[in-house]
Amino acid sequence: MIPFVREGWIEVQHHPDVHGDAFTVIPLDGLRSALADPAVRYEGDDWGIGVGCTFTYSGLAIWRGGWSRAWGSRLTLD
């Protein structure tokens, strides 16, 4: 996930509750600590709470226009 965030192709969002549309974007330098925090990643049964990823405009453009080469090149450990 980190290489995709670093490239600006996805953003990682934290959704604190199921009753609202509010979310915060977890910055690249905060991903490791956020994903290690059970309160952030949420391991309960409610859908839509916790951490989720979404395409950025750049990521969506790459995915739509020949994604396999660009995405596949990032699927290595950095």
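This report describes the fold, the surface, one aromatic pair and one loop residue of a predicted protein model.

## Overall fold

The protein contains 5 helices and 3 strands. Followed along the sequence, these elements occur in the pattern α-β-β-α-α-β-α-α.

Contacts between residues with a separation of 6 or more show how distant parts of the chain meet. Of these contacts in the protein, 56% join residues 24 or more positions apart.

## Burial and surface

The protein has 78 residues, and buried residues make up 23% of them. The exposed area of the protein is about 5600 Å², and carbon and sulfur atoms supply 57% of this area.

## The aromatic pair

The structure holds 1 aromatic pair. The partners are Phe-4 and Trp-9, whose ring centres are 6.2 Å apart and whose planes form an angle of 50°. The pair is classed as tilted, because that term covers planes that are neither under 30 degrees apart, as in stacked pairs, nor over 60, as in edge-to-face pairs. Both residues, Phe-4 and Trp-9, are buried.

## His-19 in its loop

His-19 belongs to the loop between strand 1, residues 10–15, and strand 2, residues 24–26. Its relative accessibility is 77%. His-19 therefore counts as exposed, since the term applies over 50%.

His-19 can also be placed relative to Ile-49: the two residues are 30 residues apart in sequence. In space, their C-alpha atoms are 9.4 Å apart.

Notes
Residues numbered from 1 in each chain as written. Predicted model: local features only at pLDDT ≥ 70, side-chain atom pairs only at ≥ 80, totals over all residues. Heavy atoms only, no water. Helix = DSSP H or I, 4+ residues; strand = E, 2+ residues; numbered from the N terminus. Buried < 20%, exposed > 50% of the residue type's maximum accessible area, 1.4 Å probe, protein only. Phe/Tyr/Trp six-rings, centres within 6.5 Å; stacked < 30°, edge-to-face > 60°. Contact = heavy atoms within 4.5 Å. Areas by Shrake-Rupley, 256 points an atom, 1.4 Å probe, with all protein chains shown as cover.
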